[in-house]
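Trainee: I have a new model open and would like to learn how to read it. Could we go through it together, one feature at a time?

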Amino acid sequence: MGENEASLPNTSLQGKKMAYQKVNADQRAPGHSQYLDNDDLQATALDLEWDMEKELEEPGFDQFRLDRAENQNLENSETADLNLDSIQPATSPKGRFQRLQEESEYVTRYTRSAPKSNPCNFCRLSKMLCTAIILFIFGILIGYYAHKNCPSNATSSGTLDLQLYQEIIKTIQAEDIKNSFRNLIQLYKSEDDVEISKKIKTHWTSLGLEDVQFVNYSVLLSLPGPSPSSVTLSGSGQCFHPNGQPCSEEARKHGSQDLLYSYAAYSAKGTLEGEVIDVGYGKADDLKRIKKMKNTTNQIALLKLGKLPLLYKLSLLEKAGFGGVLLYIDPCDLPKTTNLSYDTFMVSLNPGGDPSTPGYPSVDGSFRQNRSDLTSLLVQPISASLVAKLISSPQDRTKNGVCSPLELPNNEERIVNMQVQTVTKFKTVTNVVGYLKGLTSPDRYVIVGSHHHTAYSYNGQEWASSTAIITAFIRALMLRVKRGWRPDRTIVFCSWGGTTFGNIGSYEWGEEFKKVLQRNVVAYVSLHSPIRGNSSLYSVSSPSLQQLVAEKSNFNCSRRAHCPGTNVSSVQIRGDADYFINHLGVPTVQFAYEDIKALQSPSFLSEALFLKRATKIEEMDPFFNLHETITKLSGEVILQIANEPVLPFNALDIALEVQNNLKGDQLNPHQLLALASRLRESAQVFQSDEMRPANDPKERAPIRVRMLNDILQDMEKSFLVEQVPPGFYRNILYHVDEKTSQFSILLEALEHCKSLPSNKTLQEALSEVLNSINSAQVYFKAGLDVFENVLAGKN
């Protein structure tokens, strides 16, 4: 990247220009003498023989000389606590060797023999000899104590960094998180989200975070209608609300909030009468079988949530000709301890961002498209109790400990009339963004994302956990920053708005600053919905970060009594990480607590947003110890990514993930396997020849480290494909669920082509995967070539 690097304008990344600071080999902390920064000395350092340096080097001499240079310029130093990692490579072999030469000449010049005619020759020689002996002993003592008290160059900078990280992390306390959480949940009843956004901004600013600002967007939101939706049985005329209660004024008064917010945002609206057809989970083979049996045109599908992305299943139902969907969660898919039979929920049919500005930001003057409905289907979420009434089945379907799934008998016909009421309005969504500018690489960003409550949406409380956790980490971090320390890279803290409607705040911000973010973002750490249970730590990360995440998870496990196996995977997740994973190819990490039984349930049940109460969160984590653990784990990862000289990404793990995705006997074209093998070879060479030396402080050259990091941060961009089924990730390194071990788009294409006369869809998917693997292999090979050329140029 050039010296005139693009930076975020006032409304975003940094409200001021983040100038690119070149990392030079002679870069020092403030207060170093000019002698240490002399370019001529460094330029000739490579001409010295290493063995000569070793013979002449005194133990502890380098650190002693650095300390003396700093003391001479102490009044110019801005920090009292220097980062020893930046000092470590600063000493010049040429400087040490030249200095010893000069001292040798000094001794030679002043100890030569005096004329023989001098009568005091013997006395002078004796005095000089005694002086030399005293100085020699004194020098040994100084060297000994300097070596003992000061870290030598052989000391690992990683040890010092880990001590610093632990010093920051240990200030995170569960009690602080609990108080922050309780303060936040008092604000959610406000008419809009301005009050919550202001509270967050004020709090972050008071903690010392720099340049905290609002970033607002006017976006199209799909809101509940003036009255609840309903489902009416045509035969009996019985009318039910989505929660299964009969339509009545009393039901509306007692459950008005729950009833209104049981809806599908951006669904088509209106009324539809048709036959209810049970389509199960809505898989392609299910629909193929059903279409052979019944006419599905303008009928109403009874659809279970889970196993596949909702948007994908709705796209299949649209193609099959259905006109409406009654969406529910089968009680058999939930943990036995969870009873949601009468609970209603909300879903969003928005794939991401403002629907009126697809693919471009909602800034003033942008063209607004008329896209109030993102599907032609009338979609209505309903409770399991209403489904039981529709199919005339008892609500308790558990016998002898075995749960029987809800199913509509094939020989029975149910005609219903469904009414869906939603309204669309333009509203303001607010993001809160704050910055901690990096010291040596301010143009490289580690983004940490939480989300806050958005007005007009359901009143869930996981946003308060998310916001309390990010605030706790900011508090701990800024305590250390106030003492003079800064991370090497810039950390950007974001509290997103509009998450429940389709990650609108993060999408619009990302689209507005896409060009800058593509070049500068190195990682995204997600704090979306961190407490979903209390029995199992569940970690999701990009393949390149799985090693780091597993290391942190294992360390946390060693401190706890219950230690299940490390659970780290690359699967699709909900939340604002979506844009950074699928449009920027940014390595991503997320820690969360789940119930073990919930992890065994079908995937994508989290697409349903239930109306949780604040007491539910506190029931799961009454002492907020789980909140503290998530904060510390996320904090350690953030600190390592933001401060390590070499980004802690693993190139070989990406190649291994690709090979694992091609295992199996269904799809293994020779071209794909051969490309994957070449990718692994290139990644192995890259990791051994370039990454290993860069992680050794003795061999680390700043310009090579910068080149290496530029390659590491862009590794996953090769796996972004253009065309994927609705609801599937564009980043094909992520699986649909943990049970899937192959590329998700290949499995979907294989399933899809079963109902088609040709295999065109499968061939297109194979081509997408092949091009991604080839692009990654070429990328690593080009990186190796660059390093070889640099070495050749120096020689």
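Trainee: What is the mean pLDDT of the protein, and what percentage of its residues reach 70 or more?

Mentor: pLDDT is the predictor's confidence in each residue, from 0 to 100. The mean here is 79, and 73% of the residues reach 70 or more. This is a predicted model, in which local features need pLDDT of at least 70 and side-chain atom pairs count only at pLDDT 80 or more, while totals for chains, interfaces and linings use all residues. Residues are numbered from 1 along each chain as its sequence is written, and side-chain values use heavy atoms, with hydrogens and water left out.

Trainee: Where does pLDDT stay under 50?

Mentor: Where pLDDT is low, the predicted coordinates should not be read in detail. Here pLDDT stays under 50 over residues 1-7 and over residues 146-157. For residues 1-7 the model has 18 contacts (heavy atoms within 4.5 Å) beyond four places in sequence.

Trainee: Now the interior. Which residues touch the most other members of the largest nonpolar core?

Mentor: A nonpolar core is a set of buried Ala, Val, Leu, Ile, Met, Phe, Trp, Tyr and Cys residues joined through side-chain atoms within 4.5 Å. Buried means under 20% relative accessible area, exposed over 50%, and partly exposed in between (1.4 Å probe, protein chains only). The largest core has 142 residues, and I447, L477, F493, W509 and F686 touch the most other members. Its largest share, twelve residues, comes from helix α15 (residues 462-481). Helices (H or I, at least four residues) and strands (E, at least two) are DSSP runs, numbered from the N terminus. Apart from this core lies another, of 33 residues, including I277 and F345.

Trainee: What does F493 touch?

Mentor: Leaving out residues up to four places away in sequence, the partners of F493 include W204, V432, I470 and L477.

Trainee: And L390, is that residue buried or exposed?

Mentor: L390 is buried, because its relative accessibility is 4%. L390 is found in helix α14 (residues 384-390). Its C-alpha is 7.9 Å from that of L233, although the two are 157 residues apart in sequence. L233 is also one of the residues that L390 touches.

Trainee: How many salt bridges are there?

Mentor: Side chains of opposite charge can pair when their charged atoms come close. The rule is a side-chain nitrogen of Lys or Arg within 4 Å of a carboxyl oxygen of Asp or Glu, and by it the count comes to 22. One of them joins E594 and R532 (3.3 Å, N to O). This pair links distant parts of the chain, with E594 in strand β19 (residues 588-594) and R532 in the loop between β16 (521-526) and β17 (536-541), 62 residues apart. E594 is buried at 12% relative accessible area, whereas R532 is partly exposed at 23%.

Trainee: Which helix holds both E628 and K632?

Mentor: Both lie in helix α22 (residues 625-643), four residues apart, about one turn of the helix. Their closest N and O atoms are 2.9 Å apart in a salt bridge, and both residues are buried. Salt bridges that share partners also join D443, R444, R706 and D710 into one network. Within that network, D443 and R444 meet at 3.4 Å, N to O.
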